[in-house]
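Hi everyone, thanks for making time. Could you pull the structure up on the screen before I start?

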Amino acid sequence: MIILRDISIYWAMFHVIFLFIMLFRSRFDRKKSIIAAVIGMGFLMTANGLILIIFGFEVLSKAFLFTCTIPSFIFFYVMSADKHFRFLFSFCLADTTCLWIMAVTNLLDFYLGGGEYILLFISRLVAFPLVEYLVWRYLRKPYLELQAAVEKGWAVFAGMTMLYYILLVVVVQIPTNITERPEDTFLCVLVLFLMMFNYGAIFKSLYRQLLLYRQQQSERLLLEQKIALEAQLENQQRIRKMKHDMKGYTATLSGLLTEGKMEEALIYLKGVDAEMDTVFGQFCSNPYINAVFVYYTGKFERMGAVCRVNVQIGGVKEDKLPYMALCRILSNGLENASDALLKLEEDKREVSVQMKYNRNHLLIRIRNRCRDDLHVSKGTIPATDKRGYDHGFGLVTVKETTESLGGEIFCYTEHGNFMLDVIVPCWTF
């Protein structure tokens with residue numbers, strides 16, 4: 001019945017790869033990823049199958065690290081969108097989970113199935129698809145969301161998972177299979193239970209991080225809605241003022257036209273037009289982007305800050321401009337600037353916004369005065385806790401939105417100013 005054991009090992013090899021793919025985010029599109037996985041893993045599976053048939057289980061178990069684990073690690077690392085510890089954790093998690101199933105089914109067969117491999121074969125035949133269903137049903141979606149949202153904090157989890165993998169290999173396989181060392185069975189069972197509870201603690205911690213991320217997303221959305229509503233309220237107040245003033249404008253124009261003073265009436269209309277621009281603000285022709293600038297220039301004015309706005313995007317067609325994304329970038333960047341300026345003395349509050357289009361890229365630079373002790377190196381984003389830093393998690397929104405447009409952001413401090421540079425390629429318009 002050894003053939004049942006060998007088939008079950010090959011079955012496990014297939015499913016460890018399949019389990020990892022469910023937790024894996026490829027940097028290529030789905031079609032390319034599937035083709036590459038079929039070719040690459042098909043070659044590895046075939047090679048390991050031949051080794052199993054020709055040399056047997058003992059040789060394969062000793063060479064498996066070099067014939068499958070390391071090659072598959074390199075292959076998927078090249079394809080992965082997640083690097084470093086995020087990738088290491090996912091890879092070791094899939095390997096350790098499958099090794100845990102194999103150890104449990106091996107012990108069950110030895111003590112309950114008489115070592116005939118029938119129970120081992122049946123239990124593995126059922127266990128691997130069952131675990132994959134549970135992963136697909138309950139774990140995959142939140143886990144991929146967490147990978148996309150959280151960049152830091154994976155090192156500890158990856159280290160724990162790698163150590164558990166090594167520990168399980170040592171306990172189960174070294175110096176011989178655990179079924180040949182009955183005196184170590186109790187130790188092996190303790191390790192298996194310890195791993196189960198520790199992984200429960202790891203996933204509980206990861207789930208809390210996911211909940212925190214979702215809460216931050218909700219707070220960001222509420223903040224954007226608050227800004228939009230405040231801008232709408234302010235515009236309505238200005239409209240009411242303009243409607244009130246229009247009665248006087250109409251009376252004046254009516255008097256000039258009655259007297260036949262056409263030239264004076266035209267001059268007066270130009271003055272009314274200029275005053276309307278002053279009241280409503282005219283920073284750019286796009287009404288949505290203009291509304292963001294109107295709202296924040298008013299906000300900076302009320303806090304006594306010097307605000308300079310320079311917008312030069314006349315070469316962009318309005319119907320192709322991703323104004324919703326640009327409004328999100330501008331509102332979050334300017335809100336962070338506002339938070340930072342409130343912590344400074346009024347005579348030090350300065351902010352400037354530049355938005356330029358140069359045929360190839362749309363460039364946005366938001367510069368504001370900041371604390372003298374704030375130092376941010378170029379290429380990093382300040383921590384998301386607003387209680388400890390001048391800039392909060394709005395920069396994460398700026399980064400995500402910019403990357404969705406194929407662009408990049410750069411944050412750094414320079415001469416007492418916090419700089420936020422956003423570069424968006426124009427081919428996305």
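I'll go through the nonpolar cores, then the sheet and the helices packed on it.

Keep in mind that this is a predicted model. Let's start with the largest nonpolar core, which has 53 residues. The members that touch the most other members are F20, F76, F89, W154, L168, C188 and L206. Seven helices give two or more residues each, running from α1 (2-22) through to α7 (185-258). So which element gives the most to this core? That's α4, with 12 residues.

Have a look at F89. Skipping its neighbours within four places in sequence, F89 is in contact with Y143, W154, F157, A158, T161, I202 and L206. Apart from that core lies another one, of 39 residues, and L341, M355, C370 and V422 are among them.

Okay, on to the sheet. We have five strands in an open sheet, ordered β1-β2-β3-β5-β4, and the pairing is mixed. Why do β1 and β4 each have one side left without a neighbour in the sheet? Because β1 (306-312) and β4 (408-414) stand at the edges, and each has a single partner strand. From one strand to the next, the twist averages 10°.

Zoom in on β3 (361-369) and β5 (417-425): they pair antiparallel, over nine bridges. In that pair, R369 stands opposite N417 in β5.

Last bit, the helices. α9 (287-302) packs on the sheet and touches β1 and β2, with its direction at about 165° to that of β1. α10 (323-342) packs on the sheet too, touching β2, β3 and β5, and its direction makes about 15° with that of β3.

Technical notes
Residues are numbered from 1 along each chain as its sequence is written. This is a predicted model: local features need pLDDT of at least 70, side-chain atom pairs count only at pLDDT 80 or more; totals for chains, interfaces and linings use all residues. Side-chain values use heavy atoms; hydrogens and water are left out. A nonpolar core is a set of buried Ala, Val, Leu, Ile, Met, Phe, Trp, Tyr and Cys residues joined through side-chain atoms within 4.5 Å. Buried means under 20% relative accessible area, exposed over 50%, partly exposed in between (1.4 Å probe, protein chains only). Helices (H or I, at least four residues) and strands (E, at least two) are DSSP runs, numbered from the N terminus. Contact means heavy atoms within 4.5 Å. Two strands pair if DSSP finds at least two bridges between them. Axes are lines fitted to C-alpha atoms, for helices over the stretch in contact, and angles run from 0 to 180 degrees between N-to-C directions.
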